[in-house]
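User: Hello! I am new to this structure and would like a close look at one part of it. Could you walk me through that part and its surroundings?

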Amino acid sequence: MTARAAAGRPLVVPVFLPHAGCPHRCVFCNQSAITGAESLSARPDPDRIARQIESFLAASRPRPLVHIAFYGGNFLGQTPQTVQELLGLAGAYVSGGKADGIRFSTRPDTVEKQNLDAVAPFPVDTVEIGAQSLDDRVLIRSRRGHSASDTAAAVGLLKSRGYRVGLQLMIGLPGQSKDSALASAAQAAALAPDFVRIYPALVLAGSPLARWYRRGRYRPLRLKTAVSLTAQMVGIFSEQCIPVVRMGLQATEDIRPGSQVLDGPCHPAFGELVRSAVWLQQLQDALLDTGENGRLRIWVHPRTESQVRGQNNQNIALLKKRYSLQTISVIKENSLDPETVRIEAGEKLRRVLRCGPVKKRSP
Ligand code: SF4
């Protein structure tokens, strides 16, 4: 295990640079709504950013690994001077021992050798690429202005330089079918990123998608469909041992139905709903395999209990009915990994299920 892996997930200090360095206007984008920033400043203000980093660090519990992260724009699309200034600012926290690395998100078509040469002197650990889809038809309909091959090339170049790579994908994009989203997940998994984020497209006020929505040209995914599709995508990444570190946008004052979100699968616990769907599917598969219909016992970590039960205990009720089970007991066990559930039903079924990446068997 590398020292990086041993330290676990880093504390990420987010610095949002809404729309910075981006000449595009993707149909779903309204960065000021997502980040809550009132104006899309042309040039980030270093003093404001330093204050923001300081107050975030002061309010956070110490963690073994701290990353300063620039999100919300197209980091490498900014002028070389701004890129150097921001990396210099964040780099001072690393050299001063307050942080361990820097990460940023950028468009795939800005990951070029020349840009990476300029970044090389700074302690950048991770680059997140806004891929959104690997279906060129969907990318064109979404007015992304880059292709799937740009994403593949960007991942290859970043990996060749030793960066950790995250891929951001979206579901519910214009013209994107379920098959297209699943194919994108499979293609993304084949690129072997270090982690993935999945976001459902929302109809944000002020975005081009909002106009299409009003004219009946676009319909967002319903929550149930978005949860089920994301759960299937999580399965694809888990098979390849790729963690999905975020599902759904962070709930803020602006990101909730009735605020900047006009419609779409917006739920404050979207990730929990997806994990609940993944557990349900895993439990169903296990019961289908054995045809067990007696007494099911499920051992869970306390943090996982509500996911396994589902909202209002609906997973348990559904399993009981569908498999004619006499009883289902959910037993809390602190020693279990929160990603793991142990189940037992009669003599036939004793199994360990996992929600996250599945460890590959040795060949
Ligand atoms: S590339 Fe990113 S910041 Fe630019 S318009 Fe698209 S989603 Fe918004």
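Which residue follows α4, and what is the sign of its phi?

Analyst: Happy to help, and please keep in mind that this is a predicted model. The residue that follows α4 is Gly-97, and its phi is positive, near 80°.

Now let us step back into the helix itself. Helix α4 covers residues 80-95, which makes 16 residues. From its first C-alpha to its last it reaches 21 Å, close to the 22 Å expected at 1.5 Å a residue.

One face of a helix can be followed by counting along it. An α-helix has 3.6 residues a turn, so residues three or four places apart point the same way. With that in mind, look at the buried residues of α4: Val-83, Leu-86, Leu-87, Ala-90, Tyr-93 and Val-94. To count as buried, a residue needs 20 or more other C-beta atoms within 10 Å of its own.

What do these side chains meet? The buried residues of α4 pack against two helices, α3 and α5 (113-119), and against the strands β2, β3 and β4.

That brings us to the sheet. Seven strands form an open sheet in the order β1-β2-β3-β4-β5-β6-β8, with parallel pairing. At its edges are β1 (11-16) and β8 (244-247), each of which pairs on one side only. From one strand to the next, the twist averages 20°.

Helix α4 packs on this sheet, where it touches β2, β3 and β4 (124-132). The direction of α4 makes about 150° with that of β3. Two of the strands it touches are joined to each other: strand β2 (residues 66-71) and strand β3 (residues 101-106) run parallel and are linked by four bridges. Across this pair, Ala-69 stands opposite Arg-103 in β3.

The neighbouring helix α3 is worth a look too. Helix α3 (residues 46-59) lies across β1 and β2, and runs at about 150° to β1.

To finish, here is what surrounds the ligand. The residues around the ligand include Gly-73, Asn-74, Arg-107 and Gly-130, along with others such as His-19, Cys-22 and His-24. By class, this shell has three nonpolar, six polar and two charged residues.

So the picture to keep is of α4 packed on the sheet against β2, β3 and β4, with its buried residues also meeting α3 and α5, and with Gly-97 following the helix.

Technical notes: Residues numbered from 1 in each chain as written. Predicted model: local features only at pLDDT ≥ 70, side-chain atom pairs only at ≥ 80, totals over all residues. Near = placed C-beta within 6 Å. Nonpolar A, V, L, I, M, F, W, Y, C, P; charged D, E, K, R; others polar. Pairing = 2+ DSSP bridges. Axes fitted to C-alpha atoms, helices over the stretch in contact; angles between N-to-C directions. Contact = placed C-beta atoms within 7 Å. Expected span 1.5 Å × (residues − 1). Buried ≥ 20, exposed ≤ 12 C-beta atoms within 10 Å, placed from the backbone.
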